[in-house]
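Here is a short briefing on one protein model. Please look over the sequence and structure before reading on.

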Amino acid sequence: SIIRKSANDSPLLFTTTPNYDTIMNTGVTWMLDQFKPKKVGYIYQEGPLGVLMGEGVKKALSAKGMIYAAEAGYKACETAVLLNITADHLDRHGGMDGYIAAKRRIFSHQRPPRVAIIGMGCTPFREHWDKGTDDLMIDAAKETFASAGLDKEQIDAFWFGTAQSAMSGVPMAAALKLENKPVSRVENFCATGSEALRQACYAVASGAYDTAMALGVEKVKDSGFQGLNAFPIPNDGTNRTLTAAAMFSLVLPAYAEKYGVDKDELRRTVARIASKNHHNGARNPRAMYRREMDVDAICKMAAVAGQLSVMDCAGVADGSAAAIVCRAEDTHKYTDKPLYVKALSFVAGNGSGLIDSTYDYTTFRECEAAGVDAYQQAGITDPLNQLAMAEVHDCFTPTEMVLMEDLGFSKRDRKSTRLN
């Protein structure tokens with residue numbers, strides 16, 4: 001049985017169980033005594049059993065002088081759940097209170113969601129020569145507001161993620177013409193977008209705000225540089241530099257040596273990752289690269305760093321994306337398809353990898369630690385079988401390969417043939 005508050009603050013009672021006599025005589029009566037509603041709606045399942053139970057509910061309500069209304073079908077409800085109540089259950093637990101205490105222990109490790117995403121939007125990611133940073137933010141924000149059915153005045157606070165396109169929250173406030181709204185700019189390398197969403201979620205979960213928007217944007221194709229630039233800024237090529245592609249290329253030889261995998265075989269494994277990602281991109285109208293790439297073609301490309309070819313490296317694109325979050329208990333005001341945030345985790349390393357003699361370049365310890373924390377928050381114990389989808393960072397193909405292990409989808413002792 002599930003009870004929730006309806007629009008007029010009348011608890012709505014939903015019952016479904018094969019244990020007809022017990023639920024009618026014990027469960028319904030107990031709930032009516034506990035909640036003392038003035039009006040009860042019974043939503044029953046289609047078929048004879050639903051009709052039969054409806055008569056039982058009507059009888060129980062009539063005995064207490066309560067108004068009764070029935071409706072076929074199903075509606076989402078919230079709050080308490082009572083499962084499979086039978087006489088022996090009640091005898092075993094010493095009554096309804098003992099039964100409820102036992103059920104609460106079953107779900108004690110789970111944390112109810114406190115925040116939900118109610119609207120999202122994003123631009124295509126490509127070379128937007130005809131658009132500036134403001135244009136991209138406006139496009140993403142408009143789609144997000146429409147998705148949630150809200151306008152900017154209904155958003156309490158904003159988080160703005162960008163690594164190179166702004167230095168404060170003012171550019172976002174100016175582009176969206178925000179008045180007297182808090183706008184915080186955040187930057188955290190490749191985690192900048194998720195960091196904006198994380199902080200927006202925490203702000204709502206804390207009770208400081210009822211709604212918040214996280215928006216990210218980058219406009220770098222006009223810069224003349226070859227990608228996102230961290231300090232030191234790239235020079236004229238006469239000085240020694242270490243590119244991101246070069247750093248991530250170190251994963252492949254280290255992995256091959258540790259697990260005894262043939263280097264050419266491992267090269268083909270990461271090429272399969274690139275081919276799979278291009279397969280997905282070809283079906284996504286907002287993706288930058290929309291052509292499928294054969295594994296053999298990727299392997300035959302010239303290397304740009306170590307064994308990595310250009311298609312093993314993420315492209316650099318202009319684009320913007322946004323999401324609106326609200327308190328979980330308020331989602332019914334905006335949508336019937338909220339995305340509840342079950343866990344958020346972020347772990348920063350201390351930069352000791354280059355000088356740590358125990359680091360072998362075959363794992364990303366911070367990602368593994370963040371995954372363990374997030375799984376614990378969400379009650380996930382078997383990620384391979386409990387998660388329906390994982391979208392992992394694939395800046396370079398070895399990254400995705402290692403994350404499959406760091407996030408618990410593949411055992412570390414597997415050879416590349418089994419990883420495939």
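The notes below cover confidence, one helix and one aspartate.

The model is predicted: local features need pLDDT of at least 70, side-chain atom pairs count only at pLDDT 80 or more, and totals for chains, interfaces and linings use all residues. Residues are numbered from 1 along each chain as its sequence is written, and side-chain values use heavy atoms, with hydrogens and water left out.

**Confidence**
- Mean pLDDT (the predictor's confidence in each residue, from 0 to 100) is 81, and 70% of the residues score at least 70.
- Residues 1-20 stay under 50. The model gives them 64 contacts (heavy atoms within 4.5 Å) beyond four places in sequence.
- Residues 67-84 are also below 50. That stretch has 52 contacts beyond near neighbours in sequence.

**Helix α12**
- Helices are DSSP runs of H or I, at least four residues, numbered from the N terminus.
- α12 spans residues 365-378, 14 residues in total. From first C-alpha to last it reaches 20 Å, close to the 20 Å expected at 1.5 Å a residue (1.5 Å times one less than its number of residues).
- Ala370, Gly371, Ala374, Tyr375 and Gln377 are buried (under 20% relative accessible area, 1.4 Å probe, protein chains only).
- Seen down the axis, the buried residues fall within an arc of 155° (directions from the helix axis to the C-beta atoms), so they line one face of α12.
- These buried residues pack against α13 (383-386).
- Val372 and Gln376 are exposed (over 50%) on the face turned away from the buried side.
- Glycine 379 follows α12, with a positive phi near 75°.

**Aspartate 135**
- Aspartate 135 sits in helix α5 (residues 133-148).
- Its relative accessibility is 35%, so aspartate 135 counts as partly exposed (between 20% and 50%).
- A polar atom of the aspartate 135 side chain lies 2.8 Å from the backbone nitrogen of glycine 132.
- Aspartate 135 and serine 320 are 185 residues apart along the chain, yet their C-alpha atoms are separated by 9.3 Å.

Notes: Helices (H or I, at least four residues) and strands (E, at least two) are DSSP runs, numbered from the N terminus. A polar contact is a pair of N or O atoms within 3.5 Å; within protein, one must be able to donate a hydrogen and the other to accept it, and residues adjacent in sequence count only if both atoms are side-chain atoms.
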